[in-house]
Amino acid sequence: MHSARLHVYTCSCRTNTTVLPVSSMQEMRTRSPTPTGRFTIAAKHHISIAEIYESDLVDIEKAIAHYEQAADYYKGEESNSSANKCLLKVGAYCAQLEQYQKAIEIYEQVGANTMDNPLLKYSAKEYFFKAALCHFIVDELNAKIAVEKYEEMFPAFSDSRECKLLKKLLEAHEEQNSEAFTEAVKEFDSISRLDQWHTTLLLRIKKTIQGDEGDLK
């Protein structure tokens with residue numbers, strides 16, 4: 001039934017709009033004027049298909065592919081805010097699937113895109129925080145270098161609770177102190193509630209501490 005729903009929706013998409021290969025999108029924009037909103041319509045179709053893969057078919061890899069397509073189409077319309085929303089979906093799923101390098105690239109890209117925007121710059125600290133957590137799972141030294149880089153790129157990050165938490169976690173991890181790690185997480189969570197995504201990544205990091213029992217309680 002779900003497959004039929006996706007098939008019908010895909011056919012509907014093809015009937016209502018011509019979905020162009022992403023590789024030829026920029027070429028078309030250069031060659032001839034494109035009706036305003038055409039790429040936005042295509043992007044919305046890809047988002048709808050991605051949501052079906054997310055909720056009904058539970059095929060995250062295909063959901064990722066469609067969110068990436070949507071982001072590319074939004075970029076074609078210079079709708080950067082909408083493109084970023086799609087990319088953040090991709091980043092979150094990539095981290096869950098342990099595709100950390102791809103997640104890092106996305107979070108750093110979106111963070112860099114938003115830190116100079118007066119309306120969005122306060123969100124940049126969250127994106128750099130997520131990128132640093134992905135770095136941390138891969139390698140502690142990588143995470144240290146990343147935090148320093150983010151502080152240099154975005155000075156406001158240094159004073160954020162996210163940055164202070166990262167430094168406490170790095171210190172606890174270096175000392176192989178699982179209790180200090182847990183306490184730092186609890187202190188942060190008591191003020192700014194951590195969602196399931198953050199908790200999952202923090203648990204993965206904590207499990208790399210020797211002798212850790214694998215929880216944050």
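Helices (H or I, at least four residues) and strands (E, at least two) are DSSP runs, numbered from the N terminus, and this tour uses those element numbers to say where to click. The structure is a predicted model, in which local features need pLDDT of at least 70 and side-chain atom pairs count only at pLDDT 80 or more, while totals for chains, interfaces and linings use all residues. Residues are numbered from 1 along each chain as its sequence is written, and side-chain values use heavy atoms, with hydrogens and water left out.

**The whole chain**

Begin with a cartoon view of the chain, where you can count eleven helices and zero strands. Buried residues, meaning those under 20% relative accessible area (exposed is over 50%, partly exposed in between, with a 1.4 Å probe and protein chains only), make up 45% of the 217 residues. If you switch to a surface, the chain exposes about 11900 Å², of which carbon and sulfur atoms supply 50%; such areas come from the Shrake-Rupley method with a 1.4 Å probe, and for residues only the protein chains shown count as cover. A contact means heavy atoms within 4.5 Å, and among contacts between residues at least 6 apart in sequence, 58% join residues at least 24 apart.

**The loop between α4 and α5**

Select E78, which lies in the loop between α4 and α5. This residue has a positive phi of about 60° although it is not a glycine, and E78 counts as exposed because its relative accessible area is 64%.

**Helix α5 and the residue after it**

Next, select residues 80–96, which form helix α5, and compare the two ends: the expected span of a helix is 1.5 Å times one less than its number of residues, so the 17 residues of α5 should span 24 Å, and the end C-alpha atoms are indeed 24 Å apart. Colour the buried residues of α5, among them A83, N84, C86, L87 and Y93, and then show the elements that cover them, which include α3 (38–55), α4 (60–76), α6, α7 and α11 (196–206). C86 counts as buried because its relative accessibility is 4%. Move on to E98, which follows α5 and lies in the loop between α5 and α6. The phi of E98 is near 65°, a positive value in a residue other than glycine, and at 53% relative accessibility E98 counts as exposed.

**Two stops on helix α6**

Now select residues 100–114, which form helix α6, and find E108 within that helix. Is E108 buried or exposed? With a relative accessible area of 18%, E108 is buried. Show the side chains of E108 and Y150, which are joined by a polar contact of 2.5 Å; a polar contact is a pair of N or O atoms within 3.5 Å, where within protein one must be able to donate a hydrogen and the other to accept it, and residues adjacent in sequence count only if both atoms are side-chain atoms. Leaving aside neighbours within four places in sequence, E108 is in contact with F128, A131, H135, K149 and Y150.

A112 also has its place in helix α6, and its relative accessible area of 29% makes A112 partly exposed. With sequence neighbours within four places again left aside, A112 is in contact with F128 and M153. A distance line drawn from A112 to Y150 should read 9.4 Å, C-alpha to C-alpha, although these residues are 38 apart in sequence.

**Helix α7 and the core**

Select residues 121–138, helix α7, whose 18 residues reach 27 Å from the first C-alpha to the last, close to the 26 Å expected at 1.5 Å a residue. Its buried residues include Y127, F128, A131, L133, C134 and H135, and the cover over the buried residues of α7 includes α5, α6, α8 (140–153), α9 (161–174) and α11.

A nonpolar core is a set of buried Ala, Val, Leu, Ile, Met, Phe, Trp, Tyr and Cys residues joined through side-chain atoms within 4.5 Å. The largest such core has 59 residues, and those with the most contacts inside it are L133, C134, F157, L169, F181 and W197. Helix α7 gives the largest share of this core, ten residues. Centre the view on L133, which, apart from neighbours within four places in sequence, is in contact with L166, W197, H198, L201, L202 and I205.

**Last stop: the cysteines**

Finally, select C163, which is buried, with a relative accessible area of 0%. How many disulfides, that is, pairs of cysteine sulfur atoms within 2.5 Å, does a search of the whole structure find? The search finds zero.

How values were computed:
A disulfide is a pair of cysteine sulfur atoms within 2.5 Å.
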